[in-house]
Amino acid sequence: MAKRYRSAREITFDVFNYVVLGIIGIAAILPFLFVVAGSFATEAEITKRAVFLVPTTISLDAYRFIFSTDTIVRSIGVSLYVTVIGTAVNLFFTVTMAYPMAKRYLMGRNLILNLVIFTMLFGGGMIPTYLVIRELHLLDTLNALILPGAISAFNLIIVKNFFQELPAEMEEAARIDGCTELGLLWRIVLPLSKPVLATFTLFYAVGHWNNFFSALLYINDPSKWPLQVMLRQIVMLSQSAAGDLSSMDPNFVQPPEQSVKMAVIVVGTLPIMCVYPFLQKHFAKGVMLGSVKG
Amino acid sequence: MKQGAAMGAAEISAGTGFRRSRREQRFRRLKRDKWLYILLSPGLLYFLLFKYVPMWGVLLAFKDFQPFLGFWKSSWVGFEHFRTFFQNPDFFMLLRNTLVLSLYNLVFFFPAPIILALLLNEIRLSFYKRTIQTLIYVPHFISMVIVASISYVFLTTQGGAVNEFLFTVTGRKIDFLASPDWFRPMIILQTIWKECGWGTIIFLAALAGVDVEQYEAAVVDGASRWRQTWHITLPAIRSTIVILLILRMGTILDNGFEQIYLMMNALNREVAEVFDTYVYALGITQGAFSYSTAVGLFKSVIGVVLVLGTNWLAKKSGESGLY
């Protein structure tokens with residue numbers, strides 16, 4: 001940028017701006033850091049000091065406690081299953097639908113596009129959807145957490161727009177070389193779309209891991225609860241289904257309720273924190289692709 | 001084999017001089033694109049089954065649905081459920097809570113990402129800017145259950161950090177979680193914490209598209225940074241703001257089921273209960289399917305009217321609008 005005159009007022013603003021944004025940045029992750037610190041603390045420490053970032057004695061009691069029964073482990077299993085299978089289903093459904101819709105010459109394309117857009121505007125709502133799930137005998141099955149959200153209309157349209165922008169010449173060349181429609185999708189279109197697909201894989205996966213609503217609606221059987229529902233039971237309803245005091249060795253001191261809750265919160269967030277660095281690289285670009293056209 | 005993309009419907013085939021019927025042409029195109037249609041079918045099936053069948057299911061709102069009779073044999077009652085709902089004092093409570101929460105959102109949350117994006121845009125140290133962005137996006141990816149859980153852990157009167165602190169300073173504790181007065185500020189703060197950073201993405205993208213020459217010209221003309229912001233930056237992102245405002249208008253009756261459901265309890269219900277939580281409580285937990293479908297339908301219809309209405313207004317006032 002061209003060198004320009006900076007008045008004292010502008011310098012003051014700059015300093016102020018850098019400081020304020022620094023504070024906002026820290027505030028975004030601070031509550032979570034407190035929770036992480038608290039989860040490693042002992043009961044004495046939590047009652048003595050209200051808020052701290054580094055516990056004086058590191059204790060793993062809270063974690064040993066929540067993993068002493070298989071309640072948490074089982075719900076992690078459910079969440080992982082739904083996340084992996086669910087994301088695969090999402091990608092399959094989204095890609096197979098977006099690809100034909102990207103072909104401008106396809107008969108009925110506009111009708112289908114309008115039908116999809118209409119679902120973004122109006123929906124049957126909670127109860128009719130619930131009844132459909134019930135009629136399909138999906139209640140209390142993990143499929144109820146996967147199938148009803150197989151395609152996000154919004155994501156579908158972004159992927160469709162992306163496919164549409166791919167150079168048509170490449171496709172024609174492949175066709176002349178005798179490539180079939182499926183081969184075209186598999187060998188030309190998908191490899192060219194890796195960045196978009198990576199973005200949506202991560203978005204769908206995060207959505208599944210964080211999903212609470214569907215499980216609340218469709219799953220009554222506690223053994224099929226995903227981690228988010230279990231979290232609510234333990235933290236908000238204070239039902240200590242997790243942890244079994246009798247299974248602990250006699251020297252085990254019962255961890256404070258607070259640090260157990262904090263440990264459960266950490267466990268529920270950990271996978272997100274692990275994929276976040278990869279996520280972060282892609283999403284800004286991915287979100288913008290074909291979404292807002294000013 | 002390969003056919004042109006835009007083929008005339010009643011084209012005369014050159015070689016044979018044989019005039020193909022429209023139907024035949026269609027059939028040929030269907031046959032040519034059969035793989036595309038096969039690929040399309042799982043997605044179409046999904047939309048039909050999970051989106052369009054429930055849409056048709058809203059007819060339940062006009063029936064007196066008896067589970068043992070099923071959809072077809074249950075009797076029609078017309079607008080009976082709607083009438084009951086409008087006469088119920090709950091209706092005003094829901095409408096008030098929903099509108100007040102939306103208004104708070106509009107006033108306190110909506111401008112936040114815009115201001116944050118404008119501040120970020122003034123940062124020239126790109127390393128610093130990227131670091132801040134990385135940090136402020138984090139909460140968006142954390143589930144609402146975690147956000148609510150963190151709030152519980154900190155705000156509880158039984159050893160919550162905030163109350164321990166309050167107690168040391170003032171000697172009193174505030175039961176944030178069970179107080180009707182604190183419910184709305186709590187919800188708005190959660191929303192700001194979770195989504196404000198993420199909300200900047202769209203504005204930063206719009207800001208990145210602003211022509212640098214405009215700023216240079218403005219500097220030559222002696223415009224201060226505040227003037228540049230007012231006369232160049234803000235007008236540049238106006239259409240983005242309008243579009244997001246339209247989208248928000250459409251969801252004015254949606255207050256985020258998960259968040260409200262998680263933060264609501266018997267003590268703050270009077271200010272917390274909104275349309276979605278009401279539908280859940282009556283429909284799913286109490287089995288009043290028809291009545292709660294009517295409540296849900298009322299909400300959706302108003303929502304659609306609001307989107308189309310705001311869009312129309314936006315177009316009238318010279319903005320591009322959504323549709």
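**Figure 1. Helix α1 of chain A bends at A:I29.** In this predicted model, a kink of about 40 degrees lies at A:I29 in α1(A). The proline A:P31 follows shortly after the kink. Helix α1 of chain A covers residues 8-39. How far apart are its end C-alpha atoms? They are 47 Å apart. The 32 residues, at 1.5 Å each, should span 46 Å, so the two values agree.

**Figure 2. Buried positions along α1(A).** Many kinds of side chain appear in this view. Buried residues of α1(A) include A:E10, A:D14 and A:N17. A:L21, A:G22, A:G25 and A:A28 are also among them. A:F32, A:V35, A:A37, A:G38 and A:S39 are buried too. An α-helix has 3.6 residues a turn, so residues three or four places apart point the same way.

**Figure 3. The loop between α6 and α7 of chain A holds A:H137 and A:D140.** Helix α6 spans residues 126-135, and helix α7 spans residues 153-165. A:H137 is not a glycine, yet its phi is positive, at about 55 degrees. A:D140 also has a positive phi, near 65 degrees, and is likewise a residue other than glycine. Which of the labels buried, partly exposed or exposed fits A:H137? A:H137 is exposed, because its relative accessible area of 67% is over the 50% cut-off. A:D140 is partly exposed, with a relative accessible area of 25%.

**Figure 4. The largest nonpolar core.** This core has 168 residues. Which residues have the most contacts inside it? They are A:I66, A:M97, A:F163, A:I265 and B:F85. Helix α4 of chain A, residues 70-101, gives the largest share of the core, 11 residues.

**Figure 5. The surroundings of B:F85.** Neighbours within four places in sequence are left aside here. B:F85 is then in contact with B:F91, B:L94 and B:F275. Its other partners in this set are B:Y278, B:Y291, B:V295 and B:F298.

**Figure 6. B:V301 in helix α17 of chain B.** This helix runs over residues 289-316. B:V301 counts as partly exposed, at 39% relative accessibility. B:V274 lies 27 residues away from B:V301 in sequence. In space, the two are 16 Å apart, C-alpha to C-alpha.

**Figure 7. Chain A as a helical chain.** Chain A has 13 helices and zero strands. Of its 294 residues, 51% are buried. Take the contacts in chain A between residues at least 6 apart in sequence: 73% of them join residues at least 24 apart. The accessible surface of chain A comes to about 14,000 Å². Carbon and sulfur atoms account for 66% of that surface.

**Figure 8. Confidence across the two chains.** The predictor gives the complex an ipTM of 0.87 and a pTM of 0.87. Chain A averages a pLDDT of 85, and 87% of its residues score at least 70. In residues 290-294 of chain A, the pLDDT is below 50. That stretch has eight contacts beyond near neighbours in sequence. Among the elements of chain A, helix α2, residues 43-48, has the lowest mean pLDDT, 74. The highest, 95, belongs to α4(A). Chain B averages a pLDDT of 86, with 92% of the residues at 70 or above. Over residues 1-15 of chain B, the pLDDT is below 50. This stretch has 18 contacts beyond near neighbours in sequence. Where pLDDT is low, the predicted coordinates should not be read in detail.

Methods. Residues are numbered from 1 along each chain as its sequence is written. Chains are lettered from A and ligands numbered from 1 in the order in which they are written. This is a predicted model: local features need pLDDT of at least 70, side-chain atom pairs count only at pLDDT 80 or more; totals for chains, interfaces and linings use all residues. Side-chain values use heavy atoms; hydrogens and water are left out. Helices (H or I, at least four residues) and strands (E, at least two) are DSSP runs, numbered from the N terminus. Buried means under 20% relative accessible area, exposed over 50%, partly exposed in between (1.4 Å probe, protein chains only). pLDDT is the predictor's confidence in each residue, from 0 to 100. Contact means heavy atoms within 4.5 Å. Accessible areas come from the Shrake-Rupley method with a 1.4 Å probe; for residues, only the protein chains shown count as cover. The expected span of a helix is 1.5 Å times one less than its number of residues. The bend at a residue is the angle between axes fitted to the seven residues ending there and the seven starting there. A nonpolar core is a set of buried Ala, Val, Leu, Ile, Met, Phe, Trp, Tyr and Cys residues joined through side-chain atoms within 4.5 Å.
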